[in-house]
Amino acid sequence: MGQGILLSAADIDFMIHGVFPYQFFGHTVWITTTHICLLIVMLVIIGFSIAANRAMKKSTQVPGTFQNIVEMIVEALDNMVGNSMGKSAAKFANYIGTIFIFILISNISGLFGLRPPTADYGVTFPLGVMTFILIHFNKFKHQKIKGVIAGLCDPWPIWAPINIIGDVAVPISLSLRLFANVLSGTVMMALVYGLLKWIAIIWPAALHVYFDLFSGAIQTYVFCMLTMTYVADAIGEN
């Protein structure tokens with residue numbers, strides 16, 4: 001039985017493939033399925049953004065279907081950022097809205113036969129690093145160096161190393177949470193299709209709805225909410 005499972009496992013496709021190689025400073029670098037899927041997601045977002053921009057330039061008091069969709073998306077994102085960040089919402093609405101749409105489209109791309117780009121740590125880690133930079137930029141901007149040092153030494157100076165570790169862990173925890181949840185869904189679906197083969201007909205659609213749509217939307221919301229919480233905390237009362 002164990003041998004049979006191993007033989008079946010050879011047919012499991014996690015959709016991680018090298019598409020074509022190229023030479024970069026004497027090293028062979030591969031363009032993978034992650035790069036291709038990431039490009040597709042970017043093109044979809046850019047195309048939608050261009051169409052939305054043109055639609056809003058020709059907006060009417062009685063909006064059409066597409067204008068309604070665009071206005072609903074913008075209003076929902078503005079409300080989400082406004083409820084979490086208060087007076088600072090206007091400064092960060094564009095950034096939060098952009099990463100929300102990017103992560104959501106990436107997460108649900110599995111519904112269309114793509115490998116979600118966020119199932120690659122090389123995609124989620126830069127998102128965590130950008131949030132980390134944004135947090136500390138605003139921390140130094142609003143709290144100044146004195147306030148930052150005071151925060152690291154809170155409640156006592158002996159806690160400074162632990163607080164520093166906690167700050168450094170922010171981008172790692174943000175990126176790993178998103179990466180691990182999306183990857184787990186990708187692996188589960190690959191196992192279903194690879195091991196069950198012809199039995200996996202129609203009913204895996206329910207699993208796609210959970211792993212790609214429901215879980216993908218939840219992880220998008222969690223990432224953005226944590227980002228807004230950290231940035232709002234860095235700004236403080238200012």
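Phenylalanine 25 counts as exposed, because its relative accessibility is 74% and the cut-off for exposed is over 50%. This is a predicted model. Phenylalanine 25 sits in the loop that links β1 to β2 (27-32). Its phi is near 50°, a positive value in a residue other than glycine.

Phe25 also belongs to a surface patch. This nonpolar patch covers about 770 Å². Its other members are Val19, Phe20, Tyr22, Phe24, Ile36, Ile40 and Val44. Two elements, β1 (18-24) and α2 (33-57), each give two or more residues to the patch. The biggest giver is β1, with four residues.

Isoleucine 36 is another patch member. Its place is in helix α2. Is isoleucine 36 buried, partly exposed or exposed? It is partly exposed, because its relative accessible area is 33%, and partly exposed lies between the limits of 20% and 50%.

Lysine 144 is found elsewhere, in helix α5 (residues 121-152). Lysine 144 is not a glycine, yet its phi is positive, at about 60°. Lysine 144 is exposed, because its relative accessible area is 53% and exposed means over 50%.

The table sets out the accessibility of these three residues.

| Residue | Relative accessible area | Class |
|---|---|---|
| Phenylalanine 25 | 74% | exposed |
| Isoleucine 36 | 33% | partly exposed |
| Lysine 144 | 53% | exposed |

Methods
Residues are numbered from 1 along each chain as its sequence is written. This is a predicted model: local features need pLDDT of at least 70, side-chain atom pairs count only at pLDDT 80 or more; totals for chains, interfaces and linings use all residues. Side-chain values use heavy atoms; hydrogens and water are left out. Patches are made of residues with over 30% relative accessible area and no salt bridge: like charges are joined within 9 Å, nonpolar side chains (Val, Leu, Ile, Met, Phe, Trp, Tyr) within 5 Å. Accessible areas come from the Shrake-Rupley method with a 1.4 Å probe; for residues, only the protein chains shown count as cover. A salt bridge is a side-chain nitrogen of Lys or Arg within 4 Å of a carboxyl oxygen of Asp or Glu. Buried means under 20% relative accessible area, exposed over 50%, partly exposed in between (1.4 Å probe, protein chains only).
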